[in-house]
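Biologist: Got a minute to go through this one with me? I keep wanting to ask why each label is used.

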Amino acid sequence: MLPMLARRLFHLQELALGRPSFRILADLLESERWPRERIRQLQLERLRDIVRQAYEQTPYWREIMDRQGFAPADIRSLNDLGRFPLLEKNTLRERREDMVWRGEGKRVQLVRTSGSTNEALQFYTSSTREAHINAARMRGHEWVGVRRGEKELYYWGSPVELSKQDRVKRARDWLINDGLTNGFEVTPERLKKNFADWLAWRPKCIFGYPSTFVLTVTMARSLGLDLRELRKGGLEVIITTSEMLSAVDRKLIAEGFGVPVRDSYGLREAGLIGHECDQGTMHCMDEQILLETIDPQTLAPTDGEGELVVTNLVGPAFPVIRYRTGDIVTLSKEPCACGRNLSSIHISGGRAVEFVVTREGKWVVGYSFIYIARSVEGIVKFQVVQENIGEICIRLVVDDRFPADGGEQVRKKAAQRLGGDDEIRVEIVDDIAPAPSGKYRPVISKVAEELFAKRAF
Ligand SMILES: [Zn+2]
């Protein structure tokens, strides 16, 4: 499909879904060049609006403001945000139904997170909010030279349960120039086929998880495939998302494909937070979010490095004010050579999602288990542990919504995902402790670590 036509069709699709994403994109491409003071003014106006709507439309936020003894009109500067208490994940889980404004607009609906912190979390979104996120995502892609309508390949998976819709989605994707390659399961045979498909389809950008790219590059090398050939077909950039991208992995992926790697960072419940520009600075979506950092122990505000706390300025259907993300970041206002006046963020930590390897030699990305955990009610946390080939243990922390046959449901879905005859055990546990680094690891596989170290695919 011609890029111009694909862009137009995507535009029409967005409008049909009640999402003025392209109008918002045009605004964002202007405001990113505004003087910083004017951007702060926009943030304050949006903060005041969202606080007023939260007070008028939701019992939870009205209760908070009444208890703290202030009214929406008392928010006069961005510093007044500090009058709100921090919002914990547990509160969001327990009080969710008191936080939603169902009459906000089109498509106010419940969704679940599939973030790299695997704590399954449900929250509400709406067309308004999704339009802002789509626009922010499109802007990030434009920063690195990819305009909506140009060929983008999504290298990841969709949950097994959605396979019936795949054909419809494929047709739609073809019309808007989105390609999809299953990145959940990688085998040498599949990689050879995928590589041939990509050479024929000629994507400008490939978008996916760092861990999948690392595996792809490493496996391609051992198979003698040169991924840099994709440049001849027009590949210009790899964009990563959803997991921590370490410097080592970035270098490996960039060398493997022979193009720059640009990272993005978002949380489903809080919105798109940052996207790297062509200078490699991860700029924050300042028009849509307010960011703070705190000391995770004392909860005191910090200057620069600390746990990220997010306030979403553009999602009135489900106000998210001072939400504790659990991620350790460094915020900065240093100017960037690209000339955009947006602040920037650096995320600390290493790779967070890993693989398990089946007896048949299939590498299954940890993300696919997040989808499984998301599809069963009442799973609060999960962890997949693989000590030996052919054996997989899924540990679950559950609450009272977890059905009696929940363990069996998870086991069946995992078996379906893995294929083959690997033994799958499901254990219900009281809690799952984070790794010594403090970061929660959804998948820990000694088998994958050992095979990867030996390049034994
Ligand atoms: Zn920049």
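**Fold and one helix pair**

Modeller: Sure. The protein has 13 helices and 20 strands, and bear in mind that the model is predicted.

Biologist: What makes the protein as compact as a globular protein of that length?

Modeller: Its radius of gyration is 22 Å, and the globule rule gives 23 Å for 457 residues; the two are close, so the label fits. Along the principal axes, the C-alpha atoms fill a box of roughly 65 × 50 × 40 Å.

Biologist: How many of the residues are buried?

Modeller: Buried residues come to 41% of the 457. To count, a residue needs 20 or more other C-beta atoms within 10 Å of its own.

Biologist: Now helix 9 and helix 10: at what angle do they pack?

Modeller: Helix 9 (residues 210-223) and helix 10 (residues 247-257) meet at about 50°, with axes 9 Å apart.

Biologist: And why is this pair called oblique?

Modeller: Roughly parallel needs an angle under 35 degrees, and roughly perpendicular starts at 65. About 50° fits neither, so the two helices are oblique to each other. The crossing is left-handed.

Biologist: Which residues make the contact?

Modeller: Helix 9 brings P210, F213, V214, V217 and A220, while helix 10 brings D249, L252, I253 and G256.

Biologist: How do those contact residues divide into nonpolar, polar and charged?

Modeller: Seven are nonpolar, one is polar and one is charged. Asp counts as charged and Gly as polar, so D249 is the charged one and G256 the polar one.

Key. Residues are numbered from 1 along each chain as its sequence is written. This is a predicted model: local features need pLDDT of at least 70, side-chain atom pairs count only at pLDDT 80 or more; totals for chains, interfaces and linings use all residues. Axes are lines fitted to C-alpha atoms, for helices over the stretch in contact, and angles run from 0 to 180 degrees between N-to-C directions. Helices (H or I, at least four residues) and strands (E, at least two) are DSSP runs, numbered from the N terminus. Angles under 35 degrees count as roughly parallel, over 145 as roughly antiparallel, 65 to 115 as roughly perpendicular and the rest as oblique. A crossing is left-handed if the near helix is turned anticlockwise from the far one by less than a right angle, and right-handed if clockwise. Two residues are in contact if their C-beta atoms, placed from the backbone, lie within 7 Å. The radius of gyration is taken over C-alpha atoms; the globule rule is 2.2 Å times the number of residues to the power 0.38. A residue is buried if 20 or more other C-beta atoms lie within 10 Å of its own, exposed if 12 or fewer, and partly exposed in between; C-beta atoms are placed from the backbone.
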